[in-house]
Amino acid sequence: MDLKSLVRKNIYSLKPYSCARDEFQGEASVYLDANESPYNSPFNRYPDPLQRELKAKIAKIKRVPASKIMVGNGSDEPIDLIFRVFCEPTEDNVAAMEPTYGMYKVCADINNVEYRKVLLDDGFRLNARKLLAATDAHTKAVFICSPNNPSANTAPEEEVRTVLENFPGIVVIDEAYIDFSGSKSWIESLDKYPNLIVLHTFSKAWGMASLRCGLAFASEEIIALFNKVKYPYNVNLLTQKQVLEAIADGGAAKNRWVAMILAERKPLADALNALQIVEKVYPSDANFLLVKAKQADGIYRYLVDEGIIVRNRSSVALCGGCLRITVGTKEENKALIEALKKYEIK
């Protein structure tokens with residue numbers, strides 16, 4: 001892959017902002033370089049702009065060199081950086097499966113980049129041939145969310161591999177829900193595919209959505225471009241420290257939480273399928289269920305009035321009459337089913 005030919009010319013030649021913490025590593029006894037207040041430690045100091053300590057811990061858990069990791073302000077930051085680094089506004093385009101995570105299109109619109117939607121096949125199956133057919137010489141990236149949001153299914157390995165081996169641009173695989181799927185991560189293929197970017201997050205299985213910490217895994221060259229363009233102190237000190245504390249056990253707590261969610265997923269699906277107002281519960285590799293229901297709009301409004309919030313996906317392509325329901329605790333799931341039973345007899 002000729003990475004230089006994919007990168008915007010002004011980005012490739014960009015001289016990045018050099019912040020005070022870029023000029024040394026480790027700890028010093030006196031800091032007089034960044035015009036910080038000497039009071040209110042540790043919050044008076046700028047955080048490590050490259051999150052070196054955090055990346056070192058993540059590298060051990062994910063088994064990926066720290067040099068191939070970017071830590072972002074949620075996964076949305078690296079998604080946006082893909083557009084800013086590779087896509088020339090008004091000239092280039094990206095392609096993505098549809099339906100999928102809405103931020104890909106939002107970032108495309110913000111960056112004035114054409115967004116090409118490729119409908120999934122029956123059963124929300126990715127079709128590599130159709131996705132590749134939507135690309136042209138100005139397509140800089142394709143997006144594959146796996147497991148997908150909102151359909152909750154994992155993209156077939158052979159279809160993803162076909163895209164990776166036949167598309168000359170950047171292939172982004174968003175694995176926000178990978179911990180719930182039992183599938184192996186595509187980060188294991190980073191060395192084989194230099195055009196691959198894999199996204200992970202601490203928001204879902206790790207239970208840290210409010211901390212806004214996402215991850216991008218890619219070649220050292222792509223990560224260097226991200227670090228060149230991102231804001232200098234994109235991940236604050238509190239987030240770095242809290243994530244470090246949360247992953248200190250190597251993911252043991254996360255694994256317990258995932259097991260508890262998976263233990264609730266099938267009983268919740270069975271209880272939903274038993275309702276007369278439910279037409280179908282789609283198979284799920286994620287921590288949520290896509291549910292096709294009669295009177296989906298009415299059910300959604302009723303649940304809101306009951307203080308139960310789900311996501312109405314009826315207006316999304318291929319999801320007419322569908323609600324997306326996150327798997328909660330046993331008590332939360334019971335409250336949902338009881339409310340839906342009351343709706344049935346209204």
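A disulfide is a pair of cysteine sulfur atoms within 2.5 Å. The legends below describe close-up views of a predicted model.

**Figure 1. Cysteine sulfur atoms of Cys319, Cys322 and Cys145.** Across the whole structure, a search returns zero disulfides. Cys145 takes part in no disulfide, and the nearest cysteine sulfur to its own, that of Cys319, lies 12 Å away. The sulfur of Cys322 has its closest cysteine sulfur in Cys319, at 5.1 Å, which is too far for a bond, because a disulfide requires the two sulfur atoms to be within 2.5 Å. Cys322 is buried, with 1% relative accessibility. Cys145 is likewise buried, at a relative accessible area of 2%.

**Figure 2. The open sheet of seven strands.** The strands follow the order β1-β7-β6-β5-β4-β2-β3, and their pairing is mixed. At the edges stand β1 and β3 (114-119); each has a single partner strand, so one side of each is without a neighbour in the sheet. From one strand to the next, the twist averages 20°.

**Figure 3. Strand β7 and its two partners.** Strand β7 comprises residues 214-217. Gly214 and Ala216 point one way from the strand, Leu215 and Phe217 point the other way, and all are buried. Strand β1 (residues 69-72) pairs with β7 in the antiparallel sense over four bridges. Within this pairing, Ile69 stands opposite Phe217, and Met70 stands opposite Ala216. Strand β6 (residues 196-201) is also joined to β7 by four bridges, and these two strands run antiparallel. Here Leu199 is the residue opposite Ala216. Ala216 thus faces Met70 of the pairing with β1 and Leu199 of the pairing with β6.

**Figure 4. Strand β5 and its pairing with β4.** Strand β5 (residues 170-174) is mostly covered, with five of its five residues buried. Ile170, Val172 and Asp174 lie on one side of β5, Val171 and Ile173 lie on the other, and both faces are covered. Strand β4 (residues 139-145) runs parallel to β5 and is joined to it by five bridges. Asp174 in β5 is the bridge partner of Cys145, the cysteine shown in Figure 1 to be buried at a relative accessible area of 2%.

**Figure 5. Helix α4 and its buried residues.** Helix α4 spans residues 76-86 and is mostly covered, nine of its eleven residues being buried. The buried set consists of Glu77, Pro78, Ile79, Asp80, Leu81, Ile82, Phe83, Val85 and Phe86. Glu77 and Asp80 are therefore buried in this helix, given that the term denotes a relative accessible area under 20%.

**Figure 6. The open sheet of four strands.** The order of the strands is β8-β9-β11-β10, with antiparallel pairing. The edge strands β8 (278-281) and β10 (311-312) each pair on one side only. Two bridges connect β10 with β11, and the two strands run antiparallel. In this pairing, Arg311 stands opposite Arg324 of β11.

**Figure 7. The cavity and its nonpolar lining.** One cavity of 30 Å³ or more is found in the structure. The largest cavity has a volume of about 40 Å³. Its lining is formed by Leu272, Ile277, Val278, Val291, Ala293, Ile299, Leu323, Ile325 and Leu340. By class, these residues divide into nine nonpolar, no polar and no charged. Strands β9 (288-293) and β11 (322-326) each supply at least two residues of the lining. Both strands also belong to the four-stranded sheet of Figure 6.

**Figure 8. The largest pocket and its mixed lining.** The largest pocket holds about 580 Å³ of space. It is lined by 19 residues, of which Gly26, Glu27, Tyr46, Pro47 and Asp48 are the closest to the pocket centre. Helices α3 (52-62) and α9 (237-246) are the elements that give two or more residues to the lining. The largest share, four residues, comes from α9. The lining residues divide into nine nonpolar, three polar and seven charged, whereas the lining of the largest cavity in Figure 7 has no polar and no charged residues.

Note on methods: Residues are numbered from 1 along each chain as its sequence is written. This is a predicted model: local features need pLDDT of at least 70, side-chain atom pairs count only at pLDDT 80 or more; totals for chains, interfaces and linings use all residues. Side-chain values use heavy atoms; hydrogens and water are left out. On a 1 Å grid over the protein atoms alone, a cavity is a set of points where a 1.4 Å probe fits but cannot get out, and a pocket is an open set with protein on both sides within 12 Å along at least five of seven lines; lining residues have an atom within 4 Å of a point. Grid points are joined across faces, edges and corners, and a volume is the space filled by probe spheres set on the points. Ala, Val, Leu, Ile, Met, Phe, Trp, Tyr, Cys and Pro count as nonpolar, Asp, Glu, Lys and Arg as charged, and the others, Gly among them, as polar. Buried means under 20% relative accessible area, exposed over 50%, partly exposed in between (1.4 Å probe, protein chains only). Two strands pair if DSSP finds at least two bridges between them. Axes are lines fitted to C-alpha atoms, for helices over the stretch in contact, and angles run from 0 to 180 degrees between N-to-C directions.
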